[in-house]
Amino acid sequence: MAIADEKSSNGKTWSLCKMPFWQSGGNSNVTSSSTSSSSTSQLQNHHHHTYNHNQQHVVEGSSNTQSSTTVISVARSLIPTRRRLRLDPATKLFFPYEPGKQVRSAIKIKNTCKSHVAFKFQTTAPKSCFMRPPGGILAPGESIIATVFKFVEHPENNEKPVDQKSRVKFKIMSLKVTEGIDYVPELFDEQKDQVAVEQILRVVFLDVDRPSPAMEKLKRQLAEAEAALEARKKPPEETGPRIVGEGLIIDEWKERRERYLARQQVEATDSV
């Protein structure tokens, strides 16, 4: 290609030299003017192409930035939130199936964080269900067994317990808090951005007449919850001296005073 272009350029130069002087001069002016005009148009086209190319890069850059931001936000939403609490059972609440009665379930909640964590229960049926406690604060590594109460309605169309499906659901939320803070439900409203949904629990009914591992585990957890509740009700044990009467006289001081008075009486008798 380079050789072919060189031959054609030589041929054109030779033909121009054979023209008369005046023709060559006129043609040179025309050629120069046409060349300058073509150069100007090429320059304008080049600037126009460069501007369009730069504009295209700006548009592509902004679209790439928007798309990358969208991808990052989607990726963050897909990353599972790290659990602050460990639940047992993890996804279900087991209730004995006794229509027309208020039954109980239990769930163990443990703080697996290095900081204090507040937890809170929510339910889709607040009129027929309640939790004890409905919320609280757990220290790192601390655990509690919460009791959930539910009224079991009579089945429709004489359905069997295994076919009875409850639409009631429970939600457990968590929130990191500082040590020493008191629990109030408003904490979750004041710091909505920091609240995490730990788990949504669905209700599963158990047949009371049919033994099962889930029923045995439920009974153990309920017994532990009752024992912990009774322990919290007891007054703290006193480590100091025991106070009697109205709380103004201490046994040891009373005994010392009695011995002192007895000794004074003996000394008075001896002196007489």
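This text describes two β-sheets, the helix that packs on them, the nonpolar cores and one buried lysine. The model is predicted: local features need pLDDT of at least 70 and side-chain atom pairs count only at pLDDT 80 or more, whereas totals for chains, interfaces and linings use all residues. Residues are numbered from 1 along each chain as its sequence is written, and side-chain values use heavy atoms, with hydrogens and water left out.

One open sheet has four strands in the order β1-β3-β7-β5, with antiparallel pairing. Helices (H or I, at least four residues) and strands (E, at least two) are DSSP runs numbered from the N terminus, and two strands pair if DSSP finds at least two bridges between them. The edges are formed by β1 and β5, each of which pairs on one side only. Between β5 and β7, which run antiparallel, there are four bridges; Cys129 stands opposite Lys150 of β7.

Another open sheet consists of five strands in the order β2-β9-β8-β4-β6, and its pairing is mixed. Because β2 and β6 (135-138) at its edges each have a single partner strand, one side of each is left without a neighbour in the sheet. Neighbouring strands here are turned by 25° against each other on average, direction ignored; axes are lines fitted to C-alpha atoms, for helices over the stretch in contact, and angles run from 0 to 180 degrees between N-to-C directions. Four bridges join β4 and β6 in the antiparallel sense, and Phe119 has Gly136 in β6 as its bridge partner. Helix α4 packs on this sheet, touching β2 and β9, and its direction makes about 90° with that of β2.

Helix α4 (residues 213-233) also lies across β1, β3, β5 and β7, running at about 75° to β3.

The largest nonpolar core has 26 residues, and Leu85, Phe95, Ile107 and Phe121 are among those with the most contacts inside it. Such a core is a set of buried Ala, Val, Leu, Ile, Met, Phe, Trp, Tyr and Cys residues joined through side-chain atoms within 4.5 Å; buried means under 20% relative accessible area (1.4 Å probe, protein chains only). A second, separate core of nine residues includes Phe94, Ile145, Val204 and Ala225.

Lys120 belongs to strand β4. Lys120 is buried yet has no salt bridge, and the nearest side chain of opposite charge, Asp189, is 4.9 Å away. A salt bridge requires a side-chain nitrogen of Lys or Arg within 4 Å of a carboxyl oxygen of Asp or Glu.

Key: Buried < 20%, exposed > 50% of the residue type's maximum accessible area, 1.4 Å probe, protein only. Lys, Arg positive; Asp, Glu negative; His and termini not counted. Contact = heavy atoms within 4.5 Å.
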